[in-house]
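User: Could you zoom in on one part of this model and walk me through how that part is held by the rest? Keep it informal, but spell out the cut-offs as you go.

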Amino acid sequence: PMTEIKGMTIKRSMVGRKKETELLAFFDVQMTEVYLRGCALVRYSNGNVTIWPPKLDHRQEALRGVFFSDETLKRRIADQALDAFRALGGE
């Protein structure tokens, strides 16, 4: 499936309860049938980089949510987002 990073805003800050995860950037991604606005590119304290889907109510009882069900797709988007982040001067 086609995936394309459509826009990115670098936003460096520490997030999470323990402030151990670094938020690198927000970005949008166009997939074949879905457009996601407001994904986050993050780096964990162990150096691993991943993406978070747009933030919705993630409580267990929430009626709506956005999740990546395919880890291969999630990794491909994370790699593309990291490339875009670096092209914008991020480290």
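Analyst: Let's get one term straight before anything else: a residue is buried if its relative accessible area is under 20%, exposed if over 50%, and partly exposed in between, using a 1.4 Å probe and protein chains only. This is a predicted model, so local features need pLDDT of at least 70 and side-chain atom pairs count only at pLDDT 80 or more, while totals for chains, interfaces and linings use all residues. Residues are numbered from 1 along each chain as its sequence is written, and side-chain values use heavy atoms, with hydrogens and water left out.

The part I'd pick is strand β2, residues 21-31. For the setting, the chain has one helix and four strands, in the order β-β-β-β-α along the sequence. Helices here are DSSP runs of H or I with at least four residues, strands are E runs of at least two, and both are numbered from the N terminus.

Why choose β2? Nine of its 11 residues are buried, so the strand is largely enclosed by the rest of the structure. Over the chain, 35% of the 91 residues count as buried.

Start with the β1 side. Strand β1 covers residues 3-15 and runs antiparallel to β2, with 10 bridges joining them; two strands count as paired if DSSP finds at least two bridges between them. You can follow the register through T3, which stands opposite M31, and I5, which stands opposite V29. β1 and β2 make a hairpin with five residues between them, and G16 in that turn has a positive phi of about 95 degrees. The loop between β1 and β2 also holds K19. K19 has a positive phi too, about 55 degrees, although it is not a glycine. With a relative accessible area of 51%, K19 is exposed.

On to β3. Strand β3, residues 35-43, runs antiparallel to β2 through seven bridges. F27 stands opposite C39, and Q30 is paired off against Y35. The hairpin from β2 to β3 goes through three residues.

Now a residue within β2. L23 is buried because its relative accessible area is 7%. Leaving out neighbours within four places in sequence, L23 is in contact (heavy atoms within 4.5 Å) with K11, R12, S13, V15, A40, L41 and V42. K11, R12, S13 and V15 fall within the residues 3-15 of β1, and A40, L41 and V42 within the residues 35-43 of β3. K6 is another matter: 17 residues from L23 along the chain, its C-alpha atom is separated from that of L23 by 18 Å.

M8 gives the view from β1, the strand where it is found. At 17% relative accessibility, M8 counts as buried. With neighbours within four places set aside, M8 touches A25, F26 and F27, along with A81, A84, F85 and L88. The first three belong to the residue range 21-31 of β2. A81 is 73 residues from M8 in sequence, yet their C-alpha atoms are 8.2 Å apart.

One strand further out, β3 pairs with β4, residues 49-52, antiparallel and with four bridges. L41, a contact of L23, stands opposite I51 in β4. β3 and β4 form a hairpin with five residues between them, and G47 in the turn has a positive phi of about 95 degrees.

Finally, the chain around all this. Its radius of gyration is 13 Å, which agrees with the value near 12 Å for a compact globule of 91 residues; the radius is taken over C-alpha atoms, and the globule rule is 2.2 Å times the number of residues to the power 0.38. The C-alpha trace spans about 35 × 35 × 20 Å along its principal axes. Of contacts between residues at least 6 apart in sequence, 38% join residues at least 24 apart. The M8–A81 contact bridges 73 residues.
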